[in-house]
Structure formats: structure tokens, C-alpha cells
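Open your viewer, switch to a cartoon view, and keep the selection tool at hand. We will go from one stop to the next, with a short note on what to select at each.

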Amino acid sequence: MSRSHTRVTEAIRDEACPVTEVLDRVAGKWSIGILIAAAHGPVRFTELERAIEGISRRMLTLNLRRLERDGLLVRTVYPTVPPKVEYSLTPMAQELHASLTGLVSWAERHRSAIAEARAAYDSAAEHRPDAG
């Protein structure tokens, strides 16, 4: 590999690495669901559990902790018996939610076009002599 190519590769990696790390954290299967569910005000653990289909209690707990650690959720504990705990989005997460809403709108608008493109690609791939 040439020296100039190595420098370009390193520059791309250095620039993309932080972006990739952040996207990996917030674009996870469960993170998006949690952020969307918590977007409309404080929400309790059981409300999140009901709102996010298929998530286990353990996975919800782990993701809530991670999102709190990343500064996207605020966990508020009220001194009641039993303790009441609510989760809400931070201003940074509210900004992210606006972006996610745009992405969801885009996906809904283009869902059928993507399905058609996949079907056409798969059909063409089946008829290619080099398929396999």
C-alpha cells in the first residue's frame, strides 16, 4: 500500500471513527425504540417495557443505563414507597429524536420503492449466469 494511500485511509478512519462510535450507540435496535418511547415526556420502566415489543427486562435495563451514561436520558428517582423512577430525554436526545423522526418519515415514504428495488434485484440475480 502506498504511503499516500495509507495517510488517506488514516484520515478517513480518524474522521469516521467518532461518528461510527456514536451511531453504533444510538442506532441500536433497542436504543431507537427507547428514545422514541421517551420522547413525549417522562416515562416509567414498565411503560417502556410495554411500548418496546420484544425487549427483555435485562436488555431494557442495560440500554437505559447506557443511554443515561451517554447523556441521552435522565433518570429521576422519587422518594416514594415503592420508589418511582422516570426516564426523560435530555436536550441532546430531543435533538436526536428530531433527526430520527425525519429518518422514520423518509423510510415510510420510500418503503415500497425499496421493496420494489429489492425484488427487481433478486429477480435479476436469479437469472444471472454467474449467480451463486
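**Stop 1: two helices that meet**

Select α2 and α4: the two pack at an angle of about 75°, and their axes lie 10 Å apart. That angle makes α2 roughly perpendicular to α4, since values from 65 to 115 degrees are counted that way. Please keep in mind throughout that this is a predicted model.

Now show side chains at the contact. On the α2 side, pick W30, S31, I34 and L35; on the α4 side, pick M59, L60, N63, L64, R66 and L67. Colour the residues of this contact by type and you will find seven nonpolar, two polar and one charged.

**Stop 2: along α4**

Stay with α4 and select residues 57–69, a helix of 13 residues. From its first C-alpha to its last it reaches 18 Å, close to the 18 Å expected at 1.5 Å a residue.

Which residues of α4 are buried? Select L60, N63, L64 and L67. They sit on the same side of α4, because they cover an arc of only 105° around the axis. Turn the helix to its other side, and R58, R65 and R69 are there, exposed.

What do the buried residues of α4 pack against? Add α2 (29–37) and α3 (45–51) to your selection, then β2 (73–78) and β3 (84–89): these are the elements they pack against.

Before leaving, step just past the end of α4 to G71, which takes a positive phi of about 85°.

**Stop 3: R44 in a strand**

Next, select R44, which belongs to strand β1 (residues 43–44). Is R44 buried or partly exposed? With a relative accessible area of 34%, R44 is partly exposed, because that value falls between the 20% and 50% cut-offs.

Draw a distance from the C-alpha of R44 to that of V85: the two atoms are separated by 6.1 Å, although the residues are 41 apart along the chain. Leaving out residues up to four places away in sequence, R44 touches P83, K84, V85 and E86.

**Last stop: the whole chain**

Zoom out and colour by secondary structure. The chain has five helices and three strands, and from the N terminus on they run α-α-β-α-α-β-β-α. Of its 132 residues, 20% count as buried. Among contacts in the chain with a separation of 6 or more, 44% come from residues 24 or more positions apart.

Terms used:
Residues are numbered from 1 along each chain as its sequence is written. This is a predicted model: local features need pLDDT of at least 70, side-chain atom pairs count only at pLDDT 80 or more; totals for chains, interfaces and linings use all residues. Side-chain values use heavy atoms; hydrogens and water are left out. Helices (H or I, at least four residues) and strands (E, at least two) are DSSP runs, numbered from the N terminus. The expected span of a helix is 1.5 Å times one less than its number of residues. Buried means under 20% relative accessible area, exposed over 50%, partly exposed in between (1.4 Å probe, protein chains only). The arc is that of the directions from the helix axis to the C-beta atoms. Contact means heavy atoms within 4.5 Å. Axes are lines fitted to C-alpha atoms, for helices over the stretch in contact, and angles run from 0 to 180 degrees between N-to-C directions. Angles under 35 degrees count as roughly parallel, over 145 as roughly antiparallel, 65 to 115 as roughly perpendicular and the rest as oblique. Ala, Val, Leu, Ile, Met, Phe, Trp, Tyr, Cys and Pro count as nonpolar, Asp, Glu, Lys and Arg as charged, and the others, Gly among them, as polar.
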